[in-house]
Amino acid sequence: MQIKGAIRFLAISLAVISIYYLSFTWVAQGIYNDAEQYAQGNPEKEDAYLDSISSEEVYNLGIRKYTFRECQEREINLGLDLKGGMDVILEISVEEIIKAMANNNKDTTFNQALHLAREYSKDSREDFVTLFGKAFNEIDPNAKLAAIFNTIELKDKIDFNSTNADVLKVIEEEAQDAIENSFNILRSRIDRFGVVQPDIQQLEETGRIMVALPGVKDQDRVRDLLQGTANLEFWETYNNTQVYNYLLQANEVIYGIEQAQKEIEKSKEPAIETESTVEDEQAEESESSDELSLLDQIESDVTEQDSTDLSQNQIAERYPLFSVLRPRINPNTGQPMDGSVVGMARYSDTSKVNAYLKLSQVKSVLPRDISFKWAVKHYKPDESRSFYELHAIKVTGRDGKAPLDGDVVTDARQEFDQNQGSAEVSMGMNADGAKVWARLTKNNIGNFIAIVLDDYVYSAPRVNQEITGGRSSISGDFTVNEAKDLANILKSGKLPAPARIIQEEIVGPSLGQEAIDAGLMSFFIAFIVVLIYMIFYYSRKAGLVADIALVINMFFIMGVLASLGAVLTLPGIAGIILTIGMSVDANVLIYERIREELTAGKGVKLAIKDGYKNAYSAIIDANVTTFLTAAILYTFGTGPIKGFATTLLIGILTSLFTAIFLTRLIFEWYLKRNKEISYSTKLTNNAFKNTKIKFLEKRKIFYVISAIAILISIGSLFTRSLDQGVDFTGGRSYIIRFENTVSIVDIKNNLEDEFGSAPVVKIFGDDNQVKITTKYRIEEDAVEVDKDVETKLFQGLASIYGFENLRQEHFLKGFIVEENGQISEAGIHDVENVLGLKSSQKVGATIADDILYRSLVVIILAMVLMFVYIFIRFRNWQYGLGAITAIMHDVLIILGIFSIFWGILPFSLEIDQAFIAAILTVVGYSINDTVVVFDRIRENLTLYPKRERHTVLNDSLNSTLSRTFSTSLSTFVVLLTIFIFGGEVIRGFVFALLIGVVVGTYSSLFIATPVVYDTVHKKNKK
């Protein structure tokens, strides 16, 4: 090899990167273990511990130090099915945006067009604005949209001469801006929610946003958070120079309270040694030098005591408020700085600051009209620390409301001040708002107005003069992006775009832990089985080299996953395990070619060289087809399916590198030292040698067998159909665990009384676990509907549990039954014996249609891509036809088996998005198998142009039998391991893959190549 140096450099670089990123997972896991040990099973105590050290430095690499929060952000990101949490797809109502732009116009044609567009959207793939335009033109071709949308707010963009096309373009632009703004608001809310590694992204469909929140437990709070309308307000503020002395008094009050509490504790007899709280531990941690100088300055202002005589702990004790809230004072003069910001605090200290300022004794020394609000963005003085600013708000209204809210804002845009050379924001208000704004700015010249969204301060500009006419300019040290964000925030008050949850999936933490345990067990068993098989089949040394490549491959996959911030899901683990089986294929192809070269009489060194060279074509073709399939899954999939595709894509690339290049380096190292290398054992030396199976002569027999199987499959699909999940039908599904075996009939009857119609109830795994599916109120998207359905679900199942003291919150969050019969909420580390709701899923009817449509598109697209690739590579459409015929054969038989056996086999054969992923994986595997045979046919036709074509094809099939056997067997054993040990959640998914391996191997031998032979033979006859 001429690129040994580059390969070594790349391997070392990948190893260093993998170690670097995986180290964060190792550090974070150690802290999780410390928190678990500290909390002793108390989830609230554990959360408090982790929260208290979130901003503390826990990992020192020498060149940089990382806080615990930063380690969490860099650790391997576990998906919902492994960590538990909530995954939702929200839809921003474009219809509501259009109504708001028209100021809720009562025009009959306008409202009829909205209603008709809503009906069209149920069966159309076009966006709502386009459908609205079509509907408006259909109802009244002569009507003009300009008459409806020529409002004060849109007068700069629409006039009476604007055509309907012009107006629709403006509507589309404004709607997209509103959706972008809603997306930014949602992202900001989620960032404040405290979820580590949240995933929020806009989907291709207009107005849809996917949000994944791993680890969240309070689903109702999440629903309220995501579906709440933006609340924009303008507040007057106090100046820091006015508030500073009040904070000094508040600190004295807090100090007195804490000292009194300590005296009470000391007076208790007998003395009780109490465990230090998380806050005590945090207070005892060393402060940086700038913090000490700040506390020294505070002390000099309050007391004559020499601060140098006080320890850091004593300073924190003497100034409890200022130990968590750093006042905003000038370090040179010691005087309070100008502005509405009164202090800064670390994220972990904000809750303690809030608690201090809410004390009734503290409120008594503060002005009655003062309120405090945190800034939405953090301030970072350096890489290792970040602080949030606290603003002092002046509440001037008797009702406690803001003097001005966002409804009055008609327009806001980012502009560039040529004189100042910086970005600024221009804002317009309606007539009513302009009057209030003029009074507000007149009374606050020289002071600051806080712009507040969802109770967080986004900006607090100084008022330079009275602003009349409603047109304002907000300037500051803005970047262009910051100015654009502020303009979007200001516009959020005018265009209410409520988000509605149209798809939702909730996984309880206990089910997530069960999935991790099952996934890891199946992974290790499959891994060990493959390692042993390679040594058994290809000798100790050659097998060991393949095993080393496999271990390094797994290490690279995990490292790349961590470095990319990709999400590891349960199907993702299945993808990694599948990669084990498929990565073996590259080694098998190389080893089989080396064995052929050795059989031809070549020396070991030349056999290795030629074996690698001759195997490249088949390896590349086989992996490119699988890579294309995974790329389609990644592009169109979401959630766990995207996780499966991600690991498959990474696994294909890393396995190619390790199998082709790293193994070659190891073998060359062996050869330099004259080490003996063999590629077979005594048991396998003659395996599949000199086989003379006449595949083509028997092709008609297999055509008949396949035709019968396909006819039975089609018959079952028409008579029994498939067990479609809520992904394709819409509805709600719940996985619920009981203490003992339950009666499906009783559950149906109880829930029929609550829902009005009987749901579908199936045993899911063990006899004490069921899956309940219902369409009750699925068409309604009001916020309170989900809560009502959960209440009725609990009421229908409470009598089946039979516990008198069982409450709904226990049922929804998971509970355990103590030995004394008492019920308690399941802890975060409780896995076994957790009863109640394990997971839930909700799919609206509209998105169910979209999922079905997208799934069909994906399958068709995969087949077209396969055909095109094979046509390009083999320059013959007959090869493409043979491959597509084999794929359709495999897909129909899998569908038939799922149709015949659903409701009969003791595990779920439900058709959902995971099943589509399985079908596409089978497509990739089947093509992989077929292409290897085609590649050998192409090679042999070139080597033996005078031989009969059927002889060449038969010889090619026979010569690849050893590779087919090894790859299919290893992949099947790996999948069988996942099927047995991987858990109920992915059992149906893996079952489809198992069938696919068997049927795909069959079709590559007995269908694809015979079809190529028959079509080419027929063409030659003509």
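**Exercise 1. Overall composition**

State how many helices and strands the chain has, and what share of its residues counts as buried.

*Solution.* Step 1: the chain of this predicted model has 34 helices and 25 strands. Step 2: the chain comprises 1022 residues, and 53% of them count as buried. Step 3: the accessible surface amounts to about 46,200 Å², with 53% of that area belonging to carbon and sulfur atoms. Step 4: for contacts between residues at least 6 apart in sequence, 74% join residues at least 24 apart.

**Exercise 2. A salt bridge within a helix**

Determine where Glu-95 and Lys-99 lie, and classify each as buried, partly exposed or exposed.

*Solution.* Step 1: the structure holds 33 salt bridges, and one of the pairs is Glu-95 with Lys-99, whose closest N and O atoms are 3.8 Å apart. Step 2: this separation satisfies the criterion, because a salt bridge requires a side-chain nitrogen of Lys or Arg within 4 Å of a carboxyl oxygen of Asp or Glu. Step 3: both residues belong to helix α5 (residues 94-101), where they are 4 residues apart, about one turn of the helix. Step 4: Glu-95 has 11% relative accessibility and therefore counts as buried. Step 5: Lys-99, at 24% relative accessibility, counts as partly exposed.

**Exercise 3. An aspartate with two arginine partners**

Identify which parts of the chain are tied together by the pair Asp-411 and Arg-471, and give the accessibility of the residues concerned.

*Solution.* Step 1: Asp-411 forms a salt bridge with Arg-413, with the closest N and O atoms 2.7 Å apart. Step 2: Asp-411 has a relative accessible area of 14% and is therefore buried, whereas Arg-413, at 30% relative accessibility, is partly exposed. Step 3: the side chain of Asp-411 also meets that of Arg-471 in a salt bridge, at 3.8 Å from N to O. Step 4: Asp-411 lies in strand β13 (residues 409-417) and Arg-471 in strand β17 (residues 471-478), so this pair ties together parts that are 60 residues apart in sequence. Step 5: Arg-471 has a relative accessible area of 41%, which means that Arg-471 is partly exposed. Step 6: elsewhere, salt bridges with shared partners join Glu-95, Glu-96, Lys-99 and Arg-118 into one network.

**Exercise 4. A patch of positive charge**

Which helix gives the most residues to the positive patch?

*Solution.* Step 1: the patch on the surface gathers Arg-8, Lys-605, Lys-609, Lys-613, Lys-672, Arg-673 and Lys-675. Step 2: helix α22 (residues 604-636) gives the most, with 3 residues. Step 3: Arg-8, a further member of the patch, lies in helix α1 (residues 4-39). Step 4: patch members need over 30% relative accessible area; Arg-8 has 45% relative accessibility and counts as partly exposed.

**Exercise 5. The surroundings of Thr-109**

Is Thr-109 buried or exposed, and which residues are in contact with Thr-109 once neighbours within four places in sequence are left aside?

*Solution.* Step 1: Thr-109 is located in helix α6 (residues 108-121). Step 2: the threshold for buried is under 20% relative accessible area; Thr-109, at 16% relative accessibility, therefore counts as buried. Step 3: with neighbours within four places in sequence excluded, Thr-109 is in contact with Phe-136, Ile-139, Asp-140 and Ala-143.

Definitions and conventions. Residues are numbered from 1 along each chain as its sequence is written. This is a predicted model: local features need pLDDT of at least 70, side-chain atom pairs count only at pLDDT 80 or more; totals for chains, interfaces and linings use all residues. Side-chain values use heavy atoms; hydrogens and water are left out. Buried means under 20% relative accessible area, exposed over 50%, partly exposed in between (1.4 Å probe, protein chains only). Patches are made of residues with over 30% relative accessible area and no salt bridge: like charges are joined within 9 Å, nonpolar side chains (Val, Leu, Ile, Met, Phe, Trp, Tyr) within 5 Å. Accessible areas come from the Shrake-Rupley method with a 1.4 Å probe; for residues, only the protein chains shown count as cover. Lys and Arg count as positive and Asp and Glu as negative; His and the chain ends are not counted. The place of a charge is taken as NZ of Lys, CZ of Arg, CG of Asp or CD of Glu. Contact means heavy atoms within 4.5 Å.
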